[in-house]
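Work through these exercises with the model open beside you. Try each task before you read its solution.

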Amino acid sequence: MVSKLGEMLVKAGLISEGQLDEAIKIQRREGGKLGSIVVRHGFCSDQDIVSFLGMQYGVPAADLDQWPSIENGVIALIPAELAQRHKVLPLQRTGNVLTLAMSDPTDIFAMDDVRFHTGYNVDPVVSSEMGLMRAVERYYGGSSGVTLRTDQGGRSGQAGTATMSGGGETQAAAGAFQEEEGMLDLESLQQELDADAEYESDEEEQGDAITMKKMGEDAPVVKLVNMVLIDAIKRGASDIHVEPYEKTYRIRFRIDGILQEVMRPKLSLKDPLTSRIKILAKLNIAERRLPQDGRIKLRVNMGGKQKVIDYRVSILPCLFGEKIVLRLLDSDKLMLDLTKLGFEPESLERWDRQICKPYGMVLVTGPTGSGKTNTLYSSIAKLNTPDVNIMTAEDPVEFNFPGINQVQVKEQIGLNFAAALRSFLRQDPNIILVGEIRDFETAEIAIKASLTGHLVLSTLHTNDAPSTINRLMNMGVEPFLVATSVNIICAQRLTRRLCNACKQPEEHAMPAEALLKVGFTEAEIKRGFQLYKPVGCEACNKRGYKGRVGLYEILEMSEGLKDMILTGASAIELREQAVKEGMITLRRSGCRKVIDGVSTIEEICRETVL
């Protein structure tokens with residue numbers, strides 16, 4: 001069947017009927033796109049194909065041979081493997097829109113893949129396949145080796161040196177890695193991996209422990225794992241995700257709450273890399289069918305300063321291998337000053353008043369990664385004086401504090417939160433911290449402890465502060481026990497903080513109607529305030545955001561709220577009453593951060609609801 005593009009080229013007089021017939025025969029025999037065949041055999045020029053492709057698909061056309069030089073930060077958004085596989089090239093980024101050159105702008109799979117990897121919306125422009133291949137070769141080179149991409153052109157710096165404790169051994173980490181054009185130069189490492197680590201991955205064959213250990217102790221794999229662990233520290237990542245798929249293998253860092261892809265190792269490295277991490281975390285190398293949890297301790301010398309980083313390791317068997325998540329626990333980044341976490345002054349005053357009471361229950365709620373542990377640690381650090389006995393039950397114990405008795409929960413031997421709490425009550429405690437209230441048994445013991453002269457701090461997983469009341473009652477706790485035991489509830493989220501070095505004022509003011517819908521009050525809109533936008537600089541790695549700030553919703557128990565709980569009020573009714581009594585909601589806390597120039601409307605809308 002004659003293609004639409006071929007008919008258009010013939011109709012325009014750029015090729016003859018005979019040339020079209022010959023190109024179609026070549027296509028049937030060799031495969032490939034008709035446009036590339038026509039150009040390759042000299043029937044038509046590349047520029048003519050580009051303009052006709054634009055007419056065919058109804059999108060702008062781009063001649064990449066004449067296109068201005070593309071910024072390194074834009075090229076770094078898409079890995080070389082993805083660009084070569086889909087024959088695409090990022091041209092420029094405007095806001096959250098990435099302009100993408102494609103040979104087939106109707107390829108939704110390619111666009112979805114790019115959206116998935118970058119987090120940006122895709123605006124396609126069409127280019128010839130031959131021109132795209134030349135441009136991809138020019139910007140990415142022909143190597144398909146492992147590369148570590150810097151975020152939007154940011155530079156990673158020197159790797160430093162490190163020593164890791166795990167698996168009963170100590171390994172020297174890789175030395176400083178050279179970098180060029182915004183990329184860490186891993187060419188020599190890739191050569192070692194190719195020469196010395198030719199591993200075959202067979203999903204059906206589990207392998208014995210000796211073989212798996214040998215794979216994990218190979219020198220290039222050791223260097224690769226060390227480099228990833230060190231680079232995560234340098235970038236300020238909170239988590240490392242190592243993810244196997246059917247035909248790809250990727251590593252992502254969570255930085256300021258957002259996942260960013262940094263590396264695509266070869267698929268053949270999946271088993272050795274997993275084995276190496278298991279060795280360091282003292283896990284069973286041969287077990288691939290069950291989830292496992294462990295810990296790695298890293299002593300690193302960065303900038304002449306020795307520091308210790310803990311990695312909490314979680315391994316989960318998935319369809320195409322074991323997914324690994326490492327949570328970084330850096331004691332230097334633990335903020336124990338409540339005044340610097342992001343509390344509004346009136347919310348902080350309420351919180352301080354309630355945590356200083358001699359008994360009752362203090363609850364912190366929010367999703368995983370919302371900073372609950374930091375808030376609790378900051379609170380007990382303030383209460384940690386020589387005249388009080390503080391005991392904690394945690395899963396896991398993330399940071400060690402002098403003067404506080406910390407217990408690691410071990411479900412497999414029966415030491416759960418409830419069992420630890422029972423033992424605590426025989427240890428003459430003043431203050432008890434329970435990592436999480438997961439079931440009725442734990443909730444019941446915690447409430448009884450709070451009613452018998454102990455201050456109990458704990459966490460729950462709920463969406464906001466008022467719904468925590470209903471959550472406790474859904475567990476089976478009687479309303480009168482909730483009303484009499486709970487002192488205060490804090491719901492929290494973390495939102496990205498604008499980079500102070502590069503944030504700029506928004507030139508165009510938002511309409512008052514839009515600001516009202518976001519959650520700003522009429523008085524705030526009438527008074528006026530300056531909105532800021534992220535720009536991106538070297539200090540924030542071209543992201544426009546650096547660090548995070550907390551949003552807090554503090555519900556302090558009053559007599560009115562206690563009466564409503566006893567009469568079975570809903571979470572909505574409790575919220576309305578709490579707001580009347582001065583509670584700042586999560587969205588209002590976010591609006592305060594926007595007015596103060598700390599964050600943006602987009603960020604608070606991403607983390608909170610009205």
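**Exercise 1: Two helices that pack**

Helix 13 and helix 14 (residues 372–383) pack with their axes 11 Å apart, at an angle of about 55°. Axes here are lines fitted to C-alpha atoms, for helices over the stretch in contact, and angles run from 0 to 180 degrees between N-to-C directions. Helices are DSSP runs of H or I with at least four residues, strands are runs of E with at least two, and both are numbered from the N terminus. This is a predicted model, so local features need pLDDT of at least 70, side-chain atom pairs count only at pLDDT 80 or more, and totals for chains, interfaces and linings use all residues. Residues are numbered from 1 along each chain as its sequence is written, and side-chain values use heavy atoms, with hydrogens and water left out.

Task: describe how helix 13 packs on helix 14.

Solution.
- Step 1. Take the angle of about 55° between the two helices. Under 35 degrees is roughly parallel, over 145 roughly antiparallel, 65 to 115 roughly perpendicular, and the rest oblique. Therefore helix 13 is oblique to helix 14.
- Step 2. Find the contact (heavy atoms within 4.5 Å). Helix 13 brings Trp351, Asp352 and Ile355, and helix 14 brings Thr375, Ser379, Lys382 and Leu383.
- Step 3. Sort these residues by class. Three are nonpolar, two are polar and two are charged. Ala, Val, Leu, Ile, Met, Phe, Trp, Tyr, Cys and Pro count as nonpolar, Asp, Glu, Lys and Arg as charged, and the others, Gly among them, as polar.

**Exercise 2: One residue in its setting**

Task: is Gln354 buried or exposed, and which residues does Gln354 contact?

Solution.
- Step 1. Place the residue. Gln354 lies in helix 13 (residues 345–355).
- Step 2. Check accessibility. Buried means under 20% relative accessible area, exposed over 50%, and partly exposed in between (1.4 Å probe, protein chains only). Gln354 has 4% relative accessibility, so Gln354 is buried.
- Step 3. Leave aside neighbours within four places in sequence. Gln354 then contacts Val362, Leu455, Asn487, Ile488 and Glu556.
- Step 4. Widen the view. The buried residues of helix 13 pack against strand 15 (360–365), helix 14, strand 19 (455–460), strand 20 (486–498) and strand 23 (545–556).

**Exercise 3: The whole chain**

Task: how many helices and strands does the chain have, and what share of its residues is buried?

Solution.
- Step 1. The chain has 24 helices and 23 strands.
- Step 2. Of its 610 residues, 51% are buried.
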